[in-house]
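Here are some short exercises for you to try with a protein model. Have a go at each task before you read its solution.

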Amino acid sequence: ITYADVKEKYPYIMELRKQDKYAFRYPEGESYQDLVHRVERVILALERLDQPVLVVAHQAVLRALFAYFDEDSAEEAVNWDVPHRHVWKYLTWGHGASRLERIPLPEPSANACNIHIEGEQNTDFPPQSSQKAEAVTAGCAPPAPAAPAEV
């Protein structure tokens, strides 16, 4: 269900969320407050590390991480713009100095991550038993055409 669907079908939910986005909990869901509590141990573990770490997360988790490491309020972080399709590089060095870099990712093409089965139109994965497994390739680009043979 999208935000637009919720706004159309359940406008009272969106109004409640506007009143206190940090503490608001969707029915059968969690609030930002719940999330901050849930990821607290992870945040503390990240803080103790002395090597690079890759975190793959949703916007809400990223807001919690950014708020903690920048010593900002989690209540205010819920309104921060954290766009999709970005890599966020957080650099720290002694005495609490830090910098957050935003690296946008390119938009995927229509064929970006499909599966090609040689000689077949089917893109089911894993291949059906009638398909040859060695003819299956998966990746984020269509297979390159074969190079012409040298004469």
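The exercises below use a predicted model and look at its empty space and its charged side chains.

**Exercise 1.** Find out how many cavities of 30 Å³ or more the structure holds, and which residues line the largest cavity.

*Solution.* Start with the idea behind the search: rolling a probe the size of a water molecule over the atoms shows where empty space is left. Next, count: the structure holds one cavity of 30 Å³ or more. The largest cavity has a volume of about 40 Å³. Then list the lining, which consists of Tyr 32, Val 36, Ala 60, Arg 63, Ala 64, Ala 67, Ala 74, Ala 77 and Val 78.

**Exercise 2.** Sort the lining of the largest cavity by helix and by class.

*Solution.* Go helix by helix: H3 (32-48), H4 (59-69) and H5 (74-77) each supply at least two lining residues. H4 gives the most, with four residues. Now sort by class: eight lining residues are nonpolar, none is polar and one is charged.

**Exercise 3.** Look for salt bridges in the whole structure, then decide whether Arg 25 is buried, partly exposed or exposed.

*Solution.* The search finds four salt bridges. One of them joins the side chains of Arg 25 and Asp 34 at 2.7 Å, N to O. Partly exposed lies between the cut-offs of 20% and 50% relative accessible area. Arg 25 has 46% relative accessibility, so Arg 25 counts as partly exposed. Asp 34 has 23%, so Asp 34 is partly exposed too.

**Exercise 4.** Give the N to O distance in the salt bridge of Arg 99 and Glu 101.

*Solution.* The side chains meet at 2.4 Å. Arg 99, at 42%, is partly exposed, and Glu 101, at 24%, is partly exposed.

Key:
Residues numbered from 1 in each chain as written. Predicted model: local features only at pLDDT ≥ 70, side-chain atom pairs only at ≥ 80, totals over all residues. Heavy atoms only, no water. 1 Å grid on protein atoms, 1.4 Å probe; cavity = no way out; pocket = protein on both sides within 12 Å on 5 of 7 lines; lining within 4 Å. Points joined across faces, edges and corners; volume = space filled by probe spheres on them. Nonpolar A, V, L, I, M, F, W, Y, C, P; charged D, E, K, R; others polar. Buried < 20%, exposed > 50% of the residue type's maximum accessible area, 1.4 Å probe, protein only.
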